[in-house]
Amino acid sequence: MSTLTLASDPRDAAAVEAVEAHHAQLAGQLAGRVAMLLDAADRDPAAADRARAGLVAFCDRELLPHAAAEESALYPAAHRTAEARLLVDGMLAEHRRIGALVEALRAPLTPARAAADARALQVLFEEHLDKENDLVLPLIAAAPDVSLAGLLAGMHELLGGHEESGHEEPGGRGRDGEEGGCGGGCACGETDAGEAPELDVREVPHAIRHATVFGALEAVPAGRSMVLVAPHDPLPLLAQIEQRTSGAFAVEYLERGPQAWRLRLTHR
């Protein structure tokens with residue numbers, strides 16, 4: 001957890017950890033999608049528009065339902081406490097701004113405008129999650145007359161657990177550690193690495209690093225590639241991608257340290 005949370009019940013403490021883990025997942029996936037849009041905006045308007053549309057679909061599927069679930073399950077309980085009433089009012093106002101940014105992204109935009117709106121959405125959402133983690137959740141968890149675990153019962157939009165269902169994720173990896181790609185039968189080696197967008201996760205916080213890659217991969221269409229730059233050989237990450245959707249990406253190592261590992265991931 002991002003702060004020390006004193007919960008009135010062990011189940012509430014576990015619920016706080018589950019919500020914060022889901023927050024990290026959402027923030028990372030959003031960051032990955034925005035990174036792909038920002039990269040495409042500089043070089044490929046058509047790819048930028050695809051990334052914009054995919055970002056809106058992700059918001060419709062994940063971010064907006066998450067906000068609605070908070071308003072129905074968490075915020076009413078927090079709003080009843082005097083110390084949180086004004087805070088919750090501000091959080092509701094931020095939900096409206098998040099929704100407005102998503103609506104702005106729905107229409108076809110110039111790449112520069114789409115990139116600006118997407119980046120604003122990312123910054124606002126990350127700040128919003130920080131307030132929830134550090135202020136709202138601890139207040140509810142510490143209240144002796146409120147069961148946070150009870151409030152969250154069955155709320156998959158708040159706890160996660162539904163992201164592995166059959167939505168648009170292409171997910172998946174090639175074969176760990178293979179030299180020269182997948183060994184045939186895919187687009188590996190057919191795309192010039194210089195044409196592929198590059199995602200450098202060396203400066204991404206560790207808590208959201210894997211989710212950021214997942215979000216970026218969701219924005220890679222079939223037949224296209226993404227270059228991943230990592231601070232070490234990302235074998236655990238590749239294994240997680242494989243678990244999400246087996247075999248959808250071929251992997252080719254372009255550089256093997258010592259300062260950076262660069263891999264081209266091609267969506268078959």
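# Notebook: cavities, a pocket, salt bridges and helix H8

I searched the whole structure and found four cavities of 30 Å³ or more. The model is a predicted one.

**Chain overview**

I noted the fold next. The protein chain has eight helices and four strands. Along the sequence I read the pattern α-α-α-α-α-α-β-α-β-α-β-β. Of the 268 residues in the chain, 49% are buried. I also checked contacts between residues at least 6 apart in sequence: 76% of them join residues at least 24 apart.

**Largest cavity**

I took the largest cavity and read its volume as about 140 Å³. Which residues line the largest cavity? I listed Met36, Ala40, Arg43, Ala47, Arg50 and Ala51, then Pro197, then Ala219, Val220, Pro221, Arg224 and Ser225. H1 and helix H2 (45-79) each supply at least two residues of this lining. H2 gives the most, with three residues. By class I have eight nonpolar residues, one polar and three charged.

Arg43 is one of the lining residues of the largest cavity, and I followed its side chain. Arg43 makes a salt bridge with Asp39, with the closest N and O atoms 2.7 Å apart. Is Arg43 buried, partly exposed or exposed? Arg43 counts as partly exposed because its relative accessibility is 36%. Asp39 is also on my list as partly exposed, at 21% relative accessibility. The cut-off for buried is under 20%, so Asp39 at 21% does not meet it.

**Second largest cavity**

I put the volume of the second largest cavity at about 50 Å³. Its lining consists of Val201, Arg209, His210, Val213, Ala230, Pro231, His232, Pro234 and Leu237. Which element gives the largest share of this lining? H7 does, with three residues. The class count is six nonpolar, two polar and one charged. I marked Leu237 for later, as a lining residue here and a buried residue of helix H8.

**Second largest pocket**

I moved on to the second largest pocket, which holds about 170 Å³ of space. Its lining includes Ala31, Ala35 and Leu38, along with Arg119 and Gln122. Leu199, Asp200, Val204, Pro205, Ile208 and Thr212 line this pocket too. Helix H1 (10-41), helix H4 (111-142), strand E1 (198-200) and helix H7 (206-218) each supply at least two lining residues. H1 has the largest share, three residues. I counted seven nonpolar, two polar and two charged residues in the lining.

Asp200 of this lining also pairs with a charged side chain. The side chains of Asp200 and Arg202 meet in a salt bridge, at 2.6 Å from N to O. Asp200 is partly exposed, at 32% relative accessibility. Arg202 is partly exposed as well, at 35%.

**More salt bridges**

Side chains of opposite charge can pair when their charged atoms come close. How many salt bridges does the structure hold? I have 15 in total.

I then looked at a pair inside helix H2. Arg52 and Asp49 form a salt bridge, with the closest N and O atoms 3.0 Å apart. The two residues are three apart in H2, so about one helical turn separates them. Arg52 is buried, with a relative accessible area of 7%. Asp49 is partly exposed, at 32% relative accessibility.

I also noted a network of salt bridges that links Arg33, Arg61, Glu62, Glu218 and Arg244. Arg244 from this network led me to helix H8, where Arg244 is among the buried residues.

**Helix H8**

Which residues of helix H8 (residues 235-244) are buried? I listed Leu237, Leu238, Ile241 and Arg244. They lie on the same side of H8, because they cover an arc of only 115° around the axis. I turned to the face away from the buried side and found the exposed residues Pro236 and Gln243 there.

What do the buried residues of H8 pack against? I found H1 and H7 among the helices, and strand E2 (225-230), strand E3 (249-256) and strand E4 (261-267).

Note on methods
Residues are numbered from 1 along each chain as its sequence is written. This is a predicted model: local features need pLDDT of at least 70, side-chain atom pairs count only at pLDDT 80 or more; totals for chains, interfaces and linings use all residues. Side-chain values use heavy atoms; hydrogens and water are left out. On a 1 Å grid over the protein atoms alone, a cavity is a set of points where a 1.4 Å probe fits but cannot get out, and a pocket is an open set with protein on both sides within 12 Å along at least five of seven lines; lining residues have an atom within 4 Å of a point. Grid points are joined across faces, edges and corners, and a volume is the space filled by probe spheres set on the points. Ala, Val, Leu, Ile, Met, Phe, Trp, Tyr, Cys and Pro count as nonpolar, Asp, Glu, Lys and Arg as charged, and the others, Gly among them, as polar. A salt bridge is a side-chain nitrogen of Lys or Arg within 4 Å of a carboxyl oxygen of Asp or Glu. Buried means under 20% relative accessible area, exposed over 50%, partly exposed in between (1.4 Å probe, protein chains only). The arc is that of the directions from the helix axis to the C-beta atoms. Contact means heavy atoms within 4.5 Å.
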